[in-house]
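Dear colleague,

I am handing over the structure below, and I would be glad if you could read my notes with it open in front of you.

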Amino acid sequence: MTYCISDIHGDFKGYKYLLEKVSFSDNDRLFVLGDVIDRGEGGIEILKDMMMRSNVFPILGNHEYMAISCIKFLLTEITEESIKDLDENIIRGLMEWQNVGGYTTMDAFHRLTREEKEDIYEYLREFSLYEEIKVNGKKFVLVHAGITGFDANTPLEEYPFSNFLFKVPDYNRVYYPDKYLVTGHLPTCAIHQNKRPYFIYKGNNHIAIDCGSYCGGQLGMICLDTMKEFYYNYKEERGN
Ligand SMILES: [Mn+2]
């Protein structure tokens, strides 16, 4: 079976819960549509688990994009020379990352060994910008946020990388008549035509799977073979 999840934002418990719930095995595959890290505390733990599995395919989110340049800086040895080179862009990048919840990731990152830090950095750099897959004869395009400046005749490899990371798609518009566009990034409670806030949204050949786990919603996972939805709701888990 093929599964998709997105915007886990450090919820290691939810991630493990959902893998267990679908009895995820070596015969399955999981596409992770970005924003694995930040806000929640388990981002690094999730990355470590993902990188051990050859059937988990990561796609870059804006949070990983921000982290990559900051982590590159954190890996450089601080010397008088490198302090002089600390330009405005690096400082601004570090501050922006902190502001969007990067402090939890940075905290956990600092506790890793040098080798683990380098492994995480290399792994983040391997994330894809998009995936095009076929499941049971149905075609899917997977991206983190959307496809800015979409043109049906433009192949995905021709868009600048940032077009996939930040701007949400128009959920009223069918992008591909013969494919589903699967996106995260925007909690589904913010899609105004969505009648089920905090649940996976399907409409106009869109499948939006960020169910806002870090903002009062839940963590969602979808099976593309069956379209069955799975959820981890920490409020229910706690029994309130
Ligand atoms: Mn995002």
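What follows is an account of what was found, taken region by region.

Please keep in mind throughout that this is a predicted model.

I begin with the metal site. The manganese ion has four protein donors named here, D35 through OD, N62 through OD1, H144 through NE2 and H185 through ND1, and these lie 2.0 to 2.2 Å from the ion. Read along the chain, the donors follow the spacing D-x26-N-x81-H-x40-H. Because N62 belongs to helix α3 while H144 sits in the loop between β5 (138–143) and β6 (179–183), this pair ties together parts that are 82 residues apart in sequence. Both N62 and H144 are buried, and for H144 the relative accessible area is 0%, which falls under the 20% limit for a buried residue. The side chains of H144 and H185, besides serving as donors to the manganese ion, are joined to each other by a polar contact of 3.0 Å.

Helix α3 comes up again in the largest pocket, which holds about 170 Å³ of space. The lining of this pocket is made up of Y65, M66, S69, C70, F73, N89, I90, G93, L94 and E96, and the elements that contribute two or more residues to it are α3 (62–75) and α5 (88–110). By character, the lining residues divide into six nonpolar, three polar and one charged.

The strands deserve a separate look, and I would start from β9. Strand β9, residues 219–223, pairs with strand β10, residues 229–232, in the antiparallel sense over four bridges, and within this pairing F230 of β10 is the bridge partner of M221. The two strands form a hairpin with five residues between them, and in the turn M227 has a positive phi of about 65°. Strand β9 also pairs with β1, residues 2–5, again in the antiparallel sense but here over three bridges, with I222 of β9 as the bridge partner of C4.

How buried is β9, then? Five of its five residues are buried, so the strand is largely enclosed by the rest of the structure. Its two faces are both covered, since L219, M221 and C223 on one side, and G220 and I222 on the other, are all buried.

Finally, a remark on K21, which has its place in helix α1 (residues 12–21). K21 is partly exposed, because its relative accessible area of 42% falls between the limits of 20% and 50%. The C-alpha atoms of K21 and I68 are separated by 31 Å, the two residues being 47 apart along the chain.

If you go through the model yourself, I would suggest taking the metal site, the pocket and the strands in that order.

With best regards

Terms used:
Residues numbered from 1 in each chain as written. Predicted model: local features only at pLDDT ≥ 70, side-chain atom pairs only at ≥ 80, totals over all residues. Heavy atoms only, no water. 1 Å grid on protein atoms, 1.4 Å probe; cavity = no way out; pocket = protein on both sides within 12 Å on 5 of 7 lines; lining within 4 Å. Points joined across faces, edges and corners; volume = space filled by probe spheres on them. Nonpolar A, V, L, I, M, F, W, Y, C, P; charged D, E, K, R; others polar. Donors = N, O, S within 2.8 Å, 3.2 Å for Na, K, Ca; no water. Buried < 20%, exposed > 50% of the residue type's maximum accessible area, 1.4 Å probe, protein only. Pairing = 2+ DSSP bridges. Polar contact = N/O pair within 3.5 Å; in protein donor to acceptor, adjacent residues only side chain to side chain.
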